[in-house]
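Hi,

Here is the structure I said I would pass on. Have a look first, and my notes follow underneath.

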Amino acid sequence: MVNICKSFGDVRANNNITFSVNYGEIYALLGENGAGKSTLVNMLSGVYTPDSGEIYVHGKRLRLASPADSISSGIGMIHQHFKLVNVMTALENIAIGQEHGFLFNRKHVRDRVEDICSRYGFKIEPDKQVRSMSVGEKQTVEILKVLYRGADILILDEPTAVLTPQETERLFDILLRMKEQGCAIIIITHKLHEVMEISDRVSVLRRGEVAGTVNTSDTSPVELTGMMVGKKVELSIERPAVRYDEMMLEVKDLSLIDREGIARLDDVSFTVRRGEILGVAGVAGSGQKELCESIQGLERRKRGEILFKGENIAHLTPRAIFEKGMRISFIPEDRLGMGLVPTMDIVDNVILKDYYLQKGIFLSREPARKRAEHIVKMLNVHTPGIYHPVNKLLGGNIQKVLLGREIDSTPDFLVTAYPTRGLDIGSAHLIYDELNRQKERGVGILYVGEDLNILLSLCDRIMVMFEGKIIGTVDAAGATKEEIGLMMLGETPGGVTAND
Amino acid sequence: MIKMKARTDCTNREASAIRGAAIIFALLTVSVFILILGHNPLSVYASMIEGAFGTLYRITETLRKSIPLIVASLGISLAFRLKFWNIGAEGQIMMGAMGATFCALNFPDLSPWILLPMMGAASIICGGIWGAIPAYFRAKWRTNETIFTLMMNYVALKWLTYLQYGPWKDPAALGFPKIPGFSPNAVLPDVFGLHAGWIIAIVLVVIVHLFIHHTQRGYEISVVGGSENTGRYAGMNVKNVIIYTLFFSGGICGICGMIEASGVNRTLSVEITRGAGYTAIITCWLSSLKAPVIPVVCVLFAAMIQGGTFIQMAFQIPQSAAQILQGTILFFVLGSEFFIRYRISMVKDTEPEEVE
C-alpha cells in the first residue's frame, strides 16, 4: 500500500500510509483506538475505497472496489465479529457463495476442505452446525473459508480478543504454519505481548499516520509503547489541588457479565473523592462504557456495590437515583445516540431529565427556553437559534449543549466519557476549564479519556482498565505516558501480563 | 463515477421543493401512460379536479371519503412518531367499529346523547387494545411489529366475518349474512350536509397536535421515537411509553371505525374499512406525521379517489388509472426522500488497472 489517504468528512482517518507485507511473514499493526488501523485494512478488503494512493498485490496495481475484488485477488479478511450463518454446518458456510453449480457438490467441497485442513493442521467437524460451536471453532471456520477461496494474504482483526488463552495458542500455531506455507499474514492487535510473540515486523499507527516500522526482534515493548503514545506534550491545562477529603463515590467489587457470557467488568473497585477528577484510561472496549452506565443505573445486570455518599445505588434505575435527590450527571460517549435526541431542538433537549417534574399533564417550555439561552451564552454555542435541531449543529456545539445541560443541573457527581472527542482545541479547552470549575465547586468527576496527554494534565489520579479489570491506579502528577501505555496493553506495573 | 454523500443541511424549503418536483415528475410519468391510452392528459387531470370539487355534492363526497383517512392517519402518526411501524390500522378500525356496533345493537333505544359517546368509548377501548397487544410483545420481547400488526389485521377481519355470518347475523334478512342496521339513535347526525364525523376529525387534529407538542406524554413519545437509548438515559420507562402510545394510536383508529359504522354504513360489515387503514399509512407518511398537514393531504388524496371514479365515467378509462397515479406519486415522493438525505455528485474517476 502506497501513500494511502482516506477521510471521513473532515476527519483524516489515514494520511499517506505506506507499508508492505512479504509472503511468508507475519506483520502486526499496532495502534491506539482511532489510529486508523481498521480503516486501513477495510480498504485492503475492499469495504472502503481510498481517496488517493495505490494498492499493489503481487506487484500489480489494483482497484479494489468491492470485497469481491479483494477476494479474487487473494486477500482474505477475518473480521472481529464473525460473518457466519448460524444454522448451517461448517462445510456449508465454507462453500457459501463459492459453488456456482446448480447442485451442491458436497463431496468435492469436503475433499478440498480436508486437504486444506491437513496442510495447515486445522481440526474441525465439517458437519457441525455453527451455532453449536465455540468461539474458537467459529474462528477456524472463518479462516478455512478465506483459505478455501484461495486467499494467500490473510488479515485478522483483533483475532484473540474473544479467545481463551488455549485457543489463542492454537491460533498462533496455525498462523505460524500458514506462514511457513508462504502466506502473508496481517494481524491487528492491542496486545503487546502477542505482537512480540508472533510477528516478524510491526508497524505502529498514530493518528492516521505510520509512526514507525520495525523488526520485532529489534524492538522492545517499551519502544513500541513509546511510538504508540508519542512524546509527552505539555498542555496548559490547570490542575487545581483537591480541596476536600470527603468520599463521594465508592465502587466495590462491581462485575458485569453480558448476554454472551463475557465479563465486561470484573471485580472493579475504586473510590472518587469530592472535588477530585479520576481519569480512566484504556483501549476502547475495556469496560469504560459499562462502568459509566452502571454508575448511572442504566446497566441492570451488574453485581457488586456502588455507594454514593454512603448509600448503595447499585440497584436503582436512573429515575430512582434522580428522585433520591442525587444528581449524577452523565455525558455519554454516544452524544446523539444517548445523551441527546438528535432531531429535537436545544430547548427540547434541555428539559430531557426533569420535564416530568412539572405539575399536570401539560409541558411548559418557558423555563427550558431560559436555560437553553443561558447554556448557549455560557458555553458559547454556535447555533442559529435555540430552536435549532441538535443534529444540525457542528460537532463541538453538540457536545456543549450536552455538557451545558448536565452542568446546569448542579450535579454532585459527573461522569464523562470522551467529552472532547472530535472537538477543536479551543472548544476542548473550554470544556476542561468547565470541568475544573465543577471540581472546585466540589463535584466528583469520573473522566474517561483516550488522549494520555490530557489525562495526565487534567486528572488527579488515573485508573487504567484492561479487559474489564483495573490494572492499576497511578498519581497523574508522577506518572509517565509510557507507564500508562504499558498498563493499557495489559502489562501490570511489575511487568507481568494480566492475562496470565 | 457517481458519488453519494450523506447531508444534514437540507432546509425545509429545499425539502418542500424536492417533494413538489417529485409530484410534478409523477404527473408527467402518468401523462405518458394516459397518452398511451389515447387521451389528452391535461383534460383527464382537469376532469379529475372537476369530478372531485365540481359541485357541492362532489365536494361533500370527497370530504366524506377523506374523514376516515384523516382520523386513521392521526392514529398512525402517533405510532410512527415512535418509529413503531404500525400497519395494523386496518384491524384497529375494524375492532373499533365492532366495539361501537356492540353498543349500537345492544342498546338501540338509549338516547343518542348517551349512546353515541358510549359507542365512541367502546371503539377507543377495542381499537386501543388491538394496538397495545403488538406493542406489549414488541416492548417485552422485541417482536417485529410490522409483521405482528399485519397479522392482527387478518385476525380482526376473520373475527368480523365470524360475527357477520354467526352470532350477529340479522334474523330479519332471510338468511342473508348481514349485521342488522343501527337504530336512528346510534347514527351520527348530519351537520351541514355531512355526518358529524368531520367535527370529530377536526377536534382530533387539534388534540393530537396539542398532545404531541404540549404534553409530557407527547414529549416522551418524541424522545423515545428520536432515540430509545436517550429515553432510557433520561429515566423514562421505554416499554410503557411504547405500550400506551400504541393504545392511543389504536384507539384513534378505533374512532375511525365508529365513524364509518355509525356515520356512513349505519351497520357493520367486513368491508367497513374500504382499505382506509392502508391508504392512511400513505397519507400519514406524505404529511410527514404532522397533524395539521394530515387533513390537507387526506382531502387531496380523497379527491384523487373521487376524481378517479369520475374519469372512469367521463373517459371510459378504468379507475385503476387513478390508482396508478396514486401509486406513482407515492413512488416519486418516497423516492425523493433519498435526495433530501443525500447529495449526489459526479466525481472524476482515475481508472487504474482492473482486477482480473
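Let me begin with helix α17 of chain A: its buried residues pack against α8 (221-229), β13 (277-281), α16 (452-458), β19 (461-466) and β20 (469-475) of chain A. Contact here means C-beta atoms, placed from the backbone, within 7 Å of each other. Helices (H or I, at least four residues) and strands (E, at least two) are DSSP runs, numbered from the N terminus.

Before going on, the housekeeping: this is a predicted model, where local features need pLDDT of at least 70 and side-chain atom pairs count only at pLDDT 80 or more, while totals for chains, interfaces and linings use all residues. Residues are numbered from 1 along each chain as its sequence is written, and chains are lettered from A and ligands numbered from 1 in the order in which they are written.

Back to α17(A), which spans residues 481-488; I484(A), G485(A), L486(A), M487(A) and M488(A) are the buried residues in question. Buried means 20 or more other C-beta atoms within 10 Å of a residue's own, exposed means 12 or fewer, and partly exposed is in between, with C-beta atoms placed from the backbone. The helix lies across β13, β19 and β20 of chain A and runs at about 30 degrees to β19(A). Axes are lines fitted to C-alpha atoms (for helices over the stretch in contact), and angles run from 0 to 180 degrees between N-to-C directions. After α17(A) comes G490(A), with a positive phi near 95 degrees.

Those three strands belong to an open sheet of 6 strands in chain A, ordered β16-β17-β18-β13-β19-β20, with mixed pairing. Strands pair if DSSP finds at least two bridges between them. At the edges sit β16 (328-331) and β20 of chain A, each pairing on one side only. From one strand to the next the twist averages 15 degrees. Helix α15 (residues 425-441) of chain A also packs on this sheet, touching β13, β17 and β18 (444-448) of chain A, and its direction makes about 150 degrees with that of β18(A). As for β16(A), 4 bridges join it in parallel to β17(A) (residues 413-417), and F330(A) has V415(A) as its bridge partner.

Elsewhere in chain A, β11 (residues 247-257) has two antiparallel partners to look at. With β12(A) (residues 263-273) it shares 7 bridges, and L249(A) stands opposite V272(A). The two form a hairpin with 5 residues between them, and G261(A) in the turn has a positive phi of about 85 degrees. With β14(A) (residues 302-308), β11(A) pairs over 6 bridges, and there V251(A) faces I306(A).

Now, which residues does F322(A) touch, leaving aside those up to four places away in sequence? They are K353(A) and G235(B). F322(A) sits in helix α10(A) (residues 318-323) and is buried because 20 other C-beta atoms lie within 10 Å. Its C-alpha is 8.9 Å from that of K353(A), 31 residues apart along the chain.

Finally, chain B. Helices α7(B) (residues 197-214) and α10(B) (residues 238-265) pack at about 165 degrees with their axes 10 Å apart, so α7(B) is roughly antiparallel to α10(B) (under 35 degrees counts as roughly parallel, over 145 as roughly antiparallel, 65 to 115 as roughly perpendicular and the rest as oblique). G197(B), I200(B) and L204(B) meet I252(B), I255(B), I259(B) and G263(B) there.

Cheers

Methods. Two residues are in contact if their C-beta atoms, placed from the backbone, lie within 7 Å.
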